[in-house]
Structures are given as C-alpha cells and as structure tokens.
Amino acid sequence: MKAETNERSSYRNLIYTATIIVAVIVAMTFPGPFTELNGFPLKKLIVPLLQIIMLGMGTTMSIKDFESVIQQPRAVFIGVACHFLIMPLLGFTLANVFSFPPEIAAGVVLIGCSPSGLASNVMCFIAKANVPLSITITTLATLLAPFLMPALMKLLAGQFIEISLWDMMIHITEIVILPVIVGLILNRIFHKSATMINRVMPLVSMVGIVLIVAIITAAGRDSLLTVGWTLALCVLIHNLTGFTLGYWAARLFGMDEQSCRTVAIEVGLQNGGLASGIAVQMGKVATVGLAPALFGPIMNTTGSLLATYWSQRPPKETIVDQTASPTVKTQGV
C-alpha cells in the first residue's frame with residue numbers, strides 16, 4: 001500500500017512537471033494567447049492565482065504543523081537557517097559569475113531568497129524523508145518570508161536593481177500571510193468542509209502554477225531567446241547545488257539520514273510562484289520573473305528524480321512513521 005502511494009505521488013509529480021514543460025514550449029511558440037485576452041493583460045492574474053494557492057495552503061494548516069518546533073527545535077532551526085543562507089548566497093554568486101543583465105541577475109537572486117517550495121512535502125514523502133520536519137520547515141520559511149526575503153534582496157540584489165524594502169514586505173504579506181491567515185480561519189470554522197477543499201486544492205494549485213509559468217514565459221519571450229539556455233543552466237546549477245549543500249550541511253551538524261534528505265529537499269526547492277508574484281508587483285515580470293519561471297519546471301524534474309532515487313534506498317534508521325500520506329499544503333511552485 002505504501003509503495004503504491006509512493007508510485008502514485010511520483011507519477012503525479014512527473015505528469016505535473018511534463019505539463020509545465022509543455023506550457024513553456026507552447027508559450028514560447030505562441031506567446032499571444034498568454035499575453036492578453038480581449039485587451040486584458042493576463043499578467044494581472046498572477047497575484048490573484050498565488051493568493052488562491054496560499055489560501056489553499058492555509059486551509060490545510062493547523063497548530064499541529066508546529067509540533068516539530070517543540071519536538072525537534074534543533075532540526076527545524078538548522079533546516080530554516082540552511083535554506084535562507086545557502087540559496088540566497090548561491091543565487092548572488094551565480095548571478096555574478098554568469099554576468100547577466102541587471103534585472104535578470106536580480107531574478108536569480110530573488111528565486112534564491114524565496115522560501116521553500118510547496119511541493120517539498122510530497123517530495124520528502126516519496127524520498128522516505130522526515131515529512132513532519134519538512135512541513136514545519138516549509139511553514140516557518142513561508143511565514144518568515146515577509147521579513148527575510150526583502151532584507152536579503154536589499155543586501156544581495158541591491159547592486160543590480162533598486163529594492164524597496166517596505167514595498168516588498170507589503171507585497172509578500174498580501175500574497176502569502178493574509179491568504180494563509182484566512183485559510184487557517186476557514187479551516188478552524190469549517191473543519192469538515194476543509195477536508196473536501198484539501199482534495200480539490202492540489203489540482204487548483206497545479207493548474208494555477210502551469211498558467212503562471214506560461215504567462216511569465218510569454219511575457220519574457222524576447223529575453224529568454226537571448227539568455228534562455230544560459231539562464232536555464234544557471235538555474236539548474238542553483239537547484240542541484242542547493243540539494244547537495246543542504247544535504248551535507250545537515251550531515252555536518254550530525255543529523256540522521258531522514259532529516260538530511262529533508263533539509264536537502266527543503267533547501268533545493270524554492271517557491272517560484274511567490275518570486276514570480278514579487279516580480280509582477282515590481283513591474284519587471286519579463287526580466288526579474290524569468291529565473292523563477294524557469295526554476296519551477298527544473299526543480300520539479302530534478303526533485304522528482306531525486307525523491308524517486310531515494311525512495312528505492314530507504315534510510316537505515318526510520319524515526320518517523322510514514323505509513324500514511326502527509327498533509328500536503330499544495331502542489332507546486
């Protein structure tokens with residue numbers, strides 16, 4: 001039964017990733033339908049779609065998600081610290097090494113400064129990692145994003161473009177915190193109905209992210225034709241190095257194998273949707289938004305492959321009972 005659930009989750013992620021890749025190809029070939037509809041610029045849909053996704057995340061959350069903070073605070077601290085140290089510094093380094101135009105370089109830093117990717121809980125389940133720890137790290141990283149993301153962007157991306165610390169904090173709060181709080185309240189009030197919502201939201205999230213990636217790809221088509229393959233290589237290196245450094249940083253701190261896998265996945269997977277939303281709010285979706293748009297399909301491909309590889313090699317020690325599927329926030333970004 002457990003093996004069947006793993007295979008089903010892995011298959012679903014591969015289909016999702018393939019759908020994103022197809023959306024990118026179609027948007028590059030026929031950008032018109034993804035740019036505007038009857039005079040309405042489709043990029044204006046990005047933020048509302050993200051808010052719906054984050055609302056869905058909130059409906060799946062409860063106080064229980066924070067139990068790991070009390071049960072294993074050291075592991076949670078190491079995971080969150082690794083994420084907000086490794087990926088931003090990698091993004092800054094790669095942006096300088098590849099010498100991208102300023103706004104595209106800022107996008108590489110932006111994806112590095114984003115919180116954990118929401119698909120990490122599914123990936124950790126498939127990889128036989130520590131799922132409760134994954135859920136807690138994802139949740140805390142997301143809630144810390146309005147404070148850490150603008151500060152890191154100001155520090156690291158300020159040399160490329162002008163960063164308004166206060167404006168970015170407001171935008172992230174509007175995109176992330178408010179919808180999550182509303183979702184928590186709805187979960188509290190309509191707990192029985194929330195169960196049905198949780199079954200629908202993963203599909204809604206996947207469709208939303210595919211549409212977001214297509215819109216950003218179409219908007220930034222000209223820039224992608226100029227730096228596309230180089231930027232894709234940069235993003236791939238960013239992602240794979242994140243997995244590697246996350247795993248070995250956890251090893252350095254003496255964490256068990258399950259938790260090392262968890263930290264690796266949490267570090268390597270970013271919330272590209274949130275980064276795309278910030279690029280939209282900055283009015284630079286066609287440039288700053290390109291790295292986040294590419295990061296999504298790349299991280300889902302590599303993450304699915306890594307999780308499947310680890311699923312065939314169970315850790316010797318098993319500290320967490322994972323006979324049931326985890327509470328997954330939403331598929332995605």
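In the predicted model, Ala219 has a relative accessibility of 35% and is therefore classed as partly exposed, because that class lies between the limits of 20% for buried and 50% for exposed residues. Ala219 belongs to helix 10, which comprises residues 191-219. Beyond its neighbours up to four places away in sequence, Ala219 makes contact with Val285 and Ala286. The C-alpha atom of Ala219 is also separated by 8.7 Å from that of Thr287, a residue 68 positions apart from Ala219 along the chain.

A contrasting environment is found at Gln270, located in the loop that runs between helix 12 and helix 13 (272-281). The relative accessible area of Gln270 is 0%, so this residue counts as buried, the cut-off being under 20%. Its side chain makes a polar contact: a distance of 2.6 Å separates the side chain of Gln270 from the backbone oxygen of Ile111.

Helix 12, which precedes this loop, spans residues 257-268 and thus contains twelve residues. From the first C-alpha to the last, helix 12 extends over 17 Å, a value close to the 16 Å expected at 1.5 Å a residue. At the N-terminal end of helix 12, Asp256 acts as a cap, with one of its side-chain oxygens placed 3.1 Å from the backbone nitrogen of Gln258.

Helix 12 is mostly covered, and twelve of its twelve residues are buried. The buried residues include the charged side chains' bearers Glu257, Arg261 and Glu266, as well as Val263, Ala264, Ile265 and Val267. Gln258, whose backbone nitrogen faces the capping oxygen of Asp256, is likewise among the buried residues. The cover over helix 12 is supplied by several other elements, including helix 5 (73-97), helix 7 (120-126) and helix 8 (131-156). Helix 11 (221-252) and helix 14 (290-311) also contribute to this cover.

With respect to the chain as a whole, the secondary structure consists of 14 helices and two strands. Of the 333 residues in the chain, 57% are buried. Among contacts with a separation of 6 or more, 87% link residues that lie 24 or more positions apart. The exposed surface of the chain amounts to about 14300 Å², and carbon and sulfur atoms provide 69% of this area.

Note on methods: Residues are numbered from 1 along each chain as its sequence is written. This is a predicted model: local features need pLDDT of at least 70, side-chain atom pairs count only at pLDDT 80 or more; totals for chains, interfaces and linings use all residues. Side-chain values use heavy atoms; hydrogens and water are left out. Helices (H or I, at least four residues) and strands (E, at least two) are DSSP runs, numbered from the N terminus. The expected span of a helix is 1.5 Å times one less than its number of residues. Buried means under 20% relative accessible area, exposed over 50%, partly exposed in between (1.4 Å probe, protein chains only). Contact means heavy atoms within 4.5 Å. A polar contact is a pair of N or O atoms within 3.5 Å; within protein, one must be able to donate a hydrogen and the other to accept it, and residues adjacent in sequence count only if both atoms are side-chain atoms. Accessible areas come from the Shrake-Rupley method with a 1.4 Å probe; for residues, only the protein chains shown count as cover.
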